Amino acid sequence: RWLVGRSQARLVAFSVCVAAIVGLVGVGVGLRGGGLGGGVARPPTSAVAGGPTVRAVPGTATVVSASVYDPTGQPDNPTQVWRALGTDPKAGWSTDTYLQPFPTLKPGVGVMVGFAGPVQLTRLTITSASTGSQVQVRSAPSPGSALSETTMLASATLQAGETVVALTNSQPVTHVLVWINKLGGGGDVNVTEITNLRFERATD
């Protein structure tokens, strides 16, 4: 009886080893095929400021980060900054509403965007209904750079709808600040809203 029991135990152990080897081979094949997801190709996306993902579009410089830039340390609506990238067709990002125009309370406020690496921009299209707002497009060494460390690339006064800003003479950049130095409106209602910032890059 003891010999029979030992033979059965060996048989069971052998079966378990075979099953384990087959399982490991299957996992290895799955990983070589692109992981457990089966290697299905997905379009490139970039996460922006905690908001929904922004899909990459051919010819468009894909923004991978965005934040509200405010030298005073009191950023306007920072949790809604992703709306400035056109991710919400029903709403945009806006500054606070000020009783007095800039620079009475602060020199300005802006949106700082970042790219995955240096990119040669050709133009920026700003969509806004805040007619009369004035913006400066500036390159920055980093998201936390002082305003004096940024470099002016272009400036524009916003029209109703889309305002195109040419950037063809600029150098490759990694971070760009869209700096609002004059708000729209007037009197005791001074505010600027941006519903989309679309950066276009040079293509081969």
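Two strands count as paired here if DSSP finds at least two bridges between them. With that in hand, here's a quick tour of this predicted model. In β14, Arg-123 has Glu-200 as its bridge partner, and that strand is a handy place to start. From there we'll move to the aromatic pairs, the strands around β5 and the salt bridges.

**The open sheet and β14**

- Three strands make up an open sheet, in the order β9-β6-β14, with antiparallel pairing.
- The edges are β9 (161-166) and β14, and each has a single partner strand, so one side of each has no neighbour in the sheet.
- On average, neighbouring strands of this sheet are turned by 20° against each other, direction ignored.
- Six bridges hold the antiparallel pairing between β6 (residues 121-128) and β14.
- In general, side chains of a regular strand alternate between the two faces of the sheet.

**Asn-196, in β14**

- You'll find Asn-196 in strand β14, which covers residues 196-201.
- Asn-196 has a relative accessible area of 19%, and the cut-off for buried is under 20%, so Asn-196 counts as buried.
- Its side chain reaches the backbone nitrogen of Gly-86 at 3.4 Å.
- Skipping neighbours within four places in sequence, Asn-196 touches two stretches: Ala-84, Leu-85 and Gly-86, plus Thr-125, Ile-126 and Thr-127.

**Aromatic pairs**

- How many aromatic pairs does a search of the whole structure find? It turns up three.
- One of them is Tyr-69 with Trp-179, an edge-to-face pair at 6.0 Å centre to centre with 80° between the planes.
- That pair links distant parts of the chain, with Tyr-69 in strand β3 (residues 63-69) and Trp-179 in strand β10 (residues 173-182), 110 residues apart.
- Tyr-69 and Trp-179 are both buried.
- Phe-115 and Phe-199 also pair up: their ring centres are 5.6 Å apart and their planes sit at 85°, so this pair is edge-to-face.
- Phe-115 belongs to strand β5 (residues 109-119) and Phe-199 to β14, so the pair ties together parts that are 84 residues apart in sequence.
- Phe-115 is buried, at a relative accessible area of 6%, and Phe-199 counts as buried too, at 1%.

**β5 and its partners**

- Why call β5 largely enclosed by the rest of the structure? Because eight of its eleven residues are buried.
- β5 pairs with β3 in the antiparallel sense, over six bridges.
- Across that pairing, Val-68 stands opposite Val-111 in β5.
- β5 is also joined to β10 by seven bridges, and those two run antiparallel.
- There, Gly-110 stands opposite Trp-179 in β10, and Trp-179 is the residue whose ring pairs with that of Tyr-69.

**Phe-102, in the loop before β5**

- Phe-102 sits in the loop between β4 (93-94) and β5.
- With 9% relative accessibility, Phe-102 counts as buried.
- Phe-102 and Leu-183 are 81 residues apart in sequence, but their C-alpha atoms are 6.9 Å apart in space.
- Leaving out neighbours within four places in sequence, the contacts of Phe-102 include Pro-107, Gly-108 and Val-109, along with Ile-180, Asn-181, Lys-182 and Leu-183.

**Salt bridges**

- Searching the whole structure gives five salt bridges.
- Asp-70 bridges to Lys-106, with the closest N and O atoms 2.5 Å apart.
- This pair also connects distant parts of the chain: Asp-70 is in the loop between β3 and β4, Lys-106 is in the loop between β4 and β5, and they are 36 residues apart.
- Are Asp-70 and Lys-106 buried or exposed? Asp-70 is buried at a relative accessible area of 11%, and Lys-106 is buried at 6%.
- Asp-76 joins the picture as well, since Asp-70, Asp-76 and Lys-106 are linked in a network of salt bridges.
- Arg-83 forms a salt bridge with Asp-88, where the closest N and O atoms are 3.9 Å apart.
- Back in β14, Glu-200 forms a salt bridge with Arg-198, with closest N and O atoms 4.0 Å apart.
- Glu-200 is buried, with a relative accessible area of 19%, whereas Arg-198 counts as partly exposed at 28%.

Definitions and conventions: Residues numbered from 1 in each chain as written. Predicted model: local features only at pLDDT ≥ 70, side-chain atom pairs only at ≥ 80, totals over all residues. Heavy atoms only, no water. Helix = DSSP H or I, 4+ residues; strand = E, 2+ residues; numbered from the N terminus. Buried < 20%, exposed > 50% of the residue type's maximum accessible area, 1.4 Å probe, protein only. Polar contact = N/O pair within 3.5 Å; in protein donor to acceptor, adjacent residues only side chain to side chain. Contact = heavy atoms within 4.5 Å. Phe/Tyr/Trp six-rings, centres within 6.5 Å; stacked < 30°, edge-to-face > 60°. Axes fitted to C-alpha atoms, helices over the stretch in contact; angles between N-to-C directions. Salt bridge = Lys/Arg side-chain N within 4 Å of Asp/Glu carboxyl O.
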